[in-house]
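Please open the model in your viewer, and take the stops below in the order in which they come.

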Amino acid sequence: MAAAVSRMHGIVRWLGIAFALQLLAILLLGSVGAWQLRLADLYPCTAMGLVAWLLLARATWARPGSPWNSWLGTLQFATCWTVFPLFKGIRQGFIQHTADASLLAADRALWGGASLPEHAMAWQSPLLSEICSAGYFLFYFIVLVPAVAYSFRRRGAEARAFFAGLMLMYLAGFVGYLAVPAGGPFIAFPDVFPYPPAGGPMTAFLSRIVDAGVTGMDVFPSLHAGIGTYVLGFLYISGRRAWAGVLLPVVAVLVVATVYLLYHYGIDVACGLALAALVLAFVRRYRKEIA
């Protein structure tokens, strides 16, 4: 058992180093792109991202069990969210062509000639738009609430397992963003996917938030669907079945909303869900071995 624990610790530690280096690359490339194009809205992300990354580096290379290392998961999450907007600088500064056409073609082949968001357009209604917009917005609480809660219990095995899985979700997801940059249906094909769908105040509110945060390359895989599913699955495998039951319909709406609101292709969501399943399988084993 000791050898297994040591091996799992080693795997997670090296993946954490890879994640820190990945975030550094995003920080540097995004900052250069923002500077070259004078994207002033990204300047604060550069400054805050640098501070967050330096703290993350201190925690990543700290001795296991030290006070700094106990903050690793929290700092990974905070740095990740801080540098995320800089994908916009990478997209506009360095990427000439996106993968949207390929994703749309693959999605149409996968779903019988019409992409999943095209199928979803037939079901649009103001009420459904409001429900889906609320579900999509709740993503921020789905991930923030457990991240904050586990930060207070960061030395425990359960918290370390949660943050290890969350780190893997973002690490793999950001690889997808960089390797398959795409803006999504309503950005790449506005003539095919009129946006936003007819709705009410919640739909209008969400569309303003999304418009303000668009990076142009954060579609494949769908981390909204994937991370929402990961949090749900983690609550279940950690024995918090009642909370998982409460969260289940919210995550179901969130997954549907990613396609219904024309933010993702069906293939993005499928890959996001598959990623969550793989990460949960890894975390389940890791959690048992460090308990």
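Begin with a surface representation of the whole chain, which in this predicted model exposes about 13300 Å², with carbon and sulfur atoms supplying 71% of that area. If you then colour the residues by burial, 51% of the 291 residues count as buried.

Switch next to a cartoon, where the chain shows 15 helices and zero strands. The radius of gyration is 19 Å, close to the 19 Å that the globule rule gives for 291 residues, so the chain is as compact as a globular protein of that length. Reduced to its C-alpha trace and viewed along its principal axes, the chain spans about 55 × 50 × 35 Å. Should you display the contacts with a separation of 6 or more, residues 24 or more positions apart account for 84% of them.

Now select the charged side chains, of which 19 are positive and 11 are negative; the centres of these two sets lie 20 Å apart.

For the last stop, go to D218, which is placed in the loop that runs between α12 (201-213) and α13 (223-237). Which residues is D218 in contact with, once its neighbours within four places in sequence are left aside? Selecting F84, Y177, A182 and H264 together with D218 displays these contacts. To look at one of these partners in detail, draw a distance between the C-alpha atoms of D218 and H264: the two residues are 46 apart along the chain, and their C-alpha atoms are separated by 9.5 Å.

Terms used
Residues are numbered from 1 along each chain as its sequence is written. This is a predicted model: local features need pLDDT of at least 70, side-chain atom pairs count only at pLDDT 80 or more; totals for chains, interfaces and linings use all residues. Side-chain values use heavy atoms; hydrogens and water are left out. Helices (H or I, at least four residues) and strands (E, at least two) are DSSP runs, numbered from the N terminus. The radius of gyration is taken over C-alpha atoms; the globule rule is 2.2 Å times the number of residues to the power 0.38. Buried means under 20% relative accessible area, exposed over 50%, partly exposed in between (1.4 Å probe, protein chains only). Contact means heavy atoms within 4.5 Å. Accessible areas come from the Shrake-Rupley method with a 1.4 Å probe; for residues, only the protein chains shown count as cover. Lys and Arg count as positive and Asp and Glu as negative; His and the chain ends are not counted. The place of a charge is taken as NZ of Lys, CZ of Arg, CG of Asp or CD of Glu.
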